[in-house]
Amino acid sequence: MEYLEIVGGKKLSGEVVISGAKNAALPLIALSILAKNDLVISNLPNVVDIKTLIKLLENLGAKTEFLDNHSIKINTNSINSTKATYDIVRKMRASILVLGPLLARFGKCEVSLPGGCAIGARPIDLHLLALEKMGAKIEIKDGYVVATAPKDGLKGATITFDKITVTGTENIIMAAALANGTTKLINAAKEPEVVALCQALKNSGVEILGIGSDELTIKGTKKDLLNIKNIEVIPDRIEAGTYLCAAAITNSKITISKCEPNHLGAILSKFEDMGFKFEIKKDKITILPAEKINSTEIITTEYPGFPTDMQAQFMAVCCAANGTSIIDERLFENRFMHVAELLRMGADIKLSTHTATINGKNLSAADVMATDLRASSALVIAGLVAKGTTKVHRIYHLDRGYEGLEKKLSSLGAKITRKKED
């Protein structure tokens with residue numbers, strides 16, 4: 001086991017390059033199941049979750065070859081199994097993304113139920129109800145989703161999601177691409193990662209209308225496999241926001257490059273409320289120090305609103321703000337698990353169901369433990385200003401979604417080191 005040691009109180013400066021988006025790359029890797037050709041995906045982040053999904057494809061029989069640290073060639077014509085086993089799926093809930101494409105291509109599959117999640121229940125019932133509307137027969141057996149399509153394949157249908165679901169939208173988009181007839185998705189997720197998946201399919205000849213809206217219309221190919229064009233993964237908006245939080249809490253000037261400012265609207269707006277200004281160029285954002293860091297109010301919601309994946313990092317910044325900030329977490333019930341660790345660092349935070357009230361005050365170093373991916377980055381951010389030396393343990397959570405976080409922060413002037421537990 002490894003941990004990060006952070007000496008607080010260092011100003012940051014310089015430029016950091018943003019990696020490809022993990023949450024965009026995962027559905028694109030699953031999309032390879034629909035391809036009849038070798039698919040090359042570039043700008044992949046070098047993180048554990050990506051390797052986990054690639055391992056799942058290999059277990060199914062796909063052939064993969066890393067062309068470099070951030071590019072992979074995938075051929076799924078050699079898939080000889082349609083069972084995604086518990087051993088892989090338990091490591092990452094996003095493994096459920098293989099359900100739609102496997103069922104659409106092979107007419108049957110077994111995918112382990114993802115199980116619990118540290119940040120709250122994220123049931124897949126919306127995925128299953130949608131597939132049933134497309135004619136699939138679904139059984140839950142021995143902890144697996146056992147899905148069977150009609151003999152001539154999945155059928156186009158009109159599907160209204162009762163609740164916005166990103167992975168549910170992505171799963172059904174992929175299933176619809178090979179279906180018979182036209183599928184209409186209503187109340188679809190609009191996240192940039194969903195748009196990237198739709199664009200990849202459109203570039204490969206699939207007819208899709210409404211890209212970027214909450215209503216998508218997809219004309220299926222009647223089980224004809226796709227000739228998918230090479231794909232470059234979009235920049236990671238959550239990683240970009242995380243480095244901006246590191247700059248904000250230390251009140252430093254840094255530049256993030258190879259990012260997409262248009263994907264960061266709600267995040268940048270909240271920083272402006274807190275007193276920060278920006279210089280924005282095509283794919284670069286420079287955050288400028290604030291005269292005074294103001295308190296703020298945040299409500300998490302679906303894109304284009306404020307992302308739940310940035311809530312923990314902003315809570316850390318709120319600890320350094322003047323006055324009282326309020327964060328209302330509307331999406332996941334257990335996503336305040338980092339609060340107990342911030343309290344160990346001297347934070348003044350009070351919880352009431354899904355609302356956190358944060359009174360700004362100076363933080364002190366402590367030994368803290370990461371509980372999930374975004375919570376771990378929040379603790380690192382807090383450590384950047386805490387007086388003394390903070391140790392963040394269980395950083396395997398961090399490695400699931402951030403590529404070389406400590407190296408990137410070190411390049412900006414942070415005093416942060418990865419060490420092995422005794």
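These legends describe close-up views of salt bridges and one helix pair in a predicted model.

**View 1. Salt bridge between E65 and K73.** The side chains of E65 and K73 meet with an N to O distance of 3.8 Å. E65 is partly exposed, at 41% relative accessibility. K73 is partly exposed too, with a relative accessible area of 28%. The pair belongs to a wider set: a search of the whole structure finds 19 salt bridges.

**View 2. Salt bridge within helix 9, K270 to D273.** The closest N and O atoms of K270 and D273 are 3.7 Å apart. Both residues lie in helix 9, which spans residues 265-273. They are three residues apart, about one turn of the helix. K270 has 16% relative accessibility and counts as buried, because the cut-off for buried is under 20%. D273, at 42%, counts as partly exposed.

**View 3. Salt bridge between helix 14 and strand 24, E406 to R418.** The side chains of E406 and R418 meet at 2.9 Å, N to O. The pair links distant parts of the chain, twelve residues apart. E406 sits in helix 14 (residues 405-411). R418 sits in strand 24 (residues 415-420). E406 is buried, with a relative accessible area of 10%. R418 is partly exposed, at 26% relative accessibility.

**View 4. Salt-bridge network around E406 and R418.** Five residues are shown: E2, D399, E406, R418 and K420. Salt bridges link them in a network. The E406 and R418 pair of this network has its N to O distance at 2.9 Å. Side chains of opposite charge can pair when their charged atoms come close.

**View 5. Packing of helix 6 against helix 7.** Two packed helices are described by the angle between their axes and the distance between the axes. Here the axes of helix 6 (residues 166-177) and helix 7 (residues 192-203) come within 10 Å. They cross at roughly 10 degrees. Angles under 35 degrees count as roughly parallel, so helix 6 and helix 7 are roughly parallel to each other.

**View 6. Residues in the contact of helix 6 with helix 7.** Helix 6 contributes V166, T169, E170, I173, M174 and A177. Helix 7 contributes E193, V194, L197, C198 and L201. The residues of this contact divide into eight nonpolar, one polar and two charged. The charged residues are E170 of helix 6 and E193 of helix 7. T169 of helix 6 is the polar one.

Conventions
Residues are numbered from 1 along each chain as its sequence is written. This is a predicted model: local features need pLDDT of at least 70, side-chain atom pairs count only at pLDDT 80 or more; totals for chains, interfaces and linings use all residues. Side-chain values use heavy atoms; hydrogens and water are left out. A salt bridge is a side-chain nitrogen of Lys or Arg within 4 Å of a carboxyl oxygen of Asp or Glu. Buried means under 20% relative accessible area, exposed over 50%, partly exposed in between (1.4 Å probe, protein chains only). Helices (H or I, at least four residues) and strands (E, at least two) are DSSP runs, numbered from the N terminus. Axes are lines fitted to C-alpha atoms, for helices over the stretch in contact, and angles run from 0 to 180 degrees between N-to-C directions. Angles under 35 degrees count as roughly parallel, over 145 as roughly antiparallel, 65 to 115 as roughly perpendicular and the rest as oblique. Contact means heavy atoms within 4.5 Å.
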